[in-house]
Amino acid sequence: KVFAAAGGAGNWDKAKQLRWRMTITADGKNILDVDHIWDRWNARHLGRLHRTDGTDLVVGYDLYGSFSMGYVQQPGEKEKKTNLDEAGRNTALKIAKEAFNEHTAVMTMQFLMLEPGTKLAYVGPQNDEAGKDSWDELKVTFADPLRKDLEFHPVVDRATSTLVRVEIYKGAQKIAYALKDWVTINGLKFAANRVNVGYAAETIAIKDIR
């Protein structure tokens, strides 16, 4: 029901690439501004971090292969790139991979729940913000090595089959995001805003979805 309500039937399989810009703000300060490009058909990720000094840090890699690259691009100079050394590239790739694994999962959980190898479990009913029993909590884990160390608990509005929250468990650490402002892009629905349930001063805005 969640997959269908998000427009998944047929539309998700047609999505060769998914691109979006993601900004994280905490206490009114911008702490992350990044573009993600996920090439689903060729299993690649390109991340572009917009840094405060005006430069962009760009990394790209095969999700399941050995190819990787990384460089810094100067503002206004599209063709001028300075390649990262091996140590710098490895550090950037480690951060990019961890971010990709979590960011894409929350962004597309409504579709990934039916990906091959996904394990689903029903946790139980939950009360909504008004205290009414109208939500259901699920548990999602992945056989995919990209997310094997992560556990997700999507919370679904029973009436609309729409995700209202996603909780992420990584070891003893837990973080939960309320999903808001759903938009439809090429027949697929995505939450354009997230709010940290435990820290309301932190918000995540998603824009330029293609």
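Here are some exercises with worked solutions on the predicted model shown above.

**Exercise 1. The nonpolar core**

Find out how many residues the largest nonpolar core has, and which of them have the most contacts inside it.

*Solution.* Start with the count: the largest nonpolar core has 47 residues. Next, look for the hubs. W12, M109, F152 and L163 are the ones with the most contacts inside this core. Then ask where the core gets its residues: helix α3, residues 86-112, gives the most, with ten residues. Finally, pick one hub and list its partners. If you skip neighbours within four places in sequence, M109 touches T104, V140, F142, F152, P154 and L163. Two of those partners, F152 and L163, also appear among the residues with the most contacts in the core.

**Exercise 2. The largest pocket**

Work out the volume of the largest pocket, then describe what lines it.

*Solution.* First the volume: it comes to about 640 Å³. Now the wall. There are 30 lining residues, and L32, I95, E98, A99 and H103 sit nearest the pocket's centre. Moving on to elements, two or more lining residues come from each of β1 (17-26), β2 (29-39), β3 (44-50), β4 (56-62), α3, β10 (162-170) and β11 (173-185). Helix α3 has the largest share of this lining, with ten residues. Last step, sort the lining by class: you get 17 nonpolar, seven polar and six charged residues.

**Exercise 3. The cavity**

How many cavities of 30 Å³ or more turn up in a search of the whole structure, and which residues line the largest cavity?

*Solution.* The search finds one cavity of 30 Å³ or more. The largest cavity holds about 30 Å³ of space. Its lining is made by V106, M107, L179, A191 and R194. To place those residues, check the elements: α3 and β12 (188-196) each supply at least two of them. By class, the lining of the largest cavity splits into four nonpolar residues, no polar ones and one charged.

**Exercise 4. Salt bridges between strands**

Take the pairs D33 with R21 and D62 with R44, and say which parts of the chain each one ties together.

*Solution.* For context, the whole structure has eleven salt bridges. Begin with D33 and R21, whose closest N and O atoms are 2.7 Å apart. D33 belongs to strand β2 and R21 to strand β1, so this bridge ties together parts that are twelve residues apart in sequence. Now compare how each partner is placed. D33 has a relative accessible area of 13%, under the 20% cut-off, so D33 is buried. R21, at 23%, counts as partly exposed. The pair isn't on its own either: R21, D33 and D35 are linked in a network of salt bridges.

Then do the second pair. In the bridge between D62 and R44, the closest N and O atoms are 3.4 Å apart. D62 lies in strand β4 and R44 in strand β3, so here the parts tied together are 18 residues apart in sequence. R44 is partly exposed, with a relative accessible area of 44%.

**Exercise 5. R165 and E167**

Decide whether each partner in the salt bridge between R165 and E167 is buried or exposed.

*Solution.* Check the bridge itself to begin with: the two side chains meet at 3.3 Å, N to O. Buried means under 20% relative accessible area. R165 has 15%, so R165 is buried. E167 has 5%, so E167 is buried as well.

**Exercise 6. W38 and its surroundings**

Place W38 in its element, say whether it is buried or exposed, and list what it is in contact with.

*Solution.* W38 lies in strand β2. With 8% relative accessibility, W38 counts as buried. Leaving out neighbours within four places in sequence, its contacts are W12, K16, Q17, L18, R44, L63, F100, T104, T108, L112 and R147. One of these, R44, is the residue that bridges to D62. For a distance check, go to W20: W38 and W20 are 18 residues apart along the chain, and their C-alpha atoms are separated by 9.0 Å.

**Exercise 7. K97**

Which element holds K97, and how far is its C-alpha atom from that of M113?

*Solution.* K97 lies in helix α3. K97 is partly exposed, with a relative accessible area of 39%. From K97 to M113, 16 residues along the chain, the C-alpha separation is 20 Å.

Note on methods:
Residues numbered from 1 in each chain as written. Predicted model: local features only at pLDDT ≥ 70, side-chain atom pairs only at ≥ 80, totals over all residues. Heavy atoms only, no water. Core = buried A, V, L, I, M, F, W, Y, C linked by side-chain atoms within 4.5 Å. Buried < 20%, exposed > 50% of the residue type's maximum accessible area, 1.4 Å probe, protein only. Helix = DSSP H or I, 4+ residues; strand = E, 2+ residues; numbered from the N terminus. Contact = heavy atoms within 4.5 Å. 1 Å grid on protein atoms, 1.4 Å probe; cavity = no way out; pocket = protein on both sides within 12 Å on 5 of 7 lines; lining within 4 Å. Points joined across faces, edges and corners; volume = space filled by probe spheres on them. Nonpolar A, V, L, I, M, F, W, Y, C, P; charged D, E, K, R; others polar. Salt bridge = Lys/Arg side-chain N within 4 Å of Asp/Glu carboxyl O.
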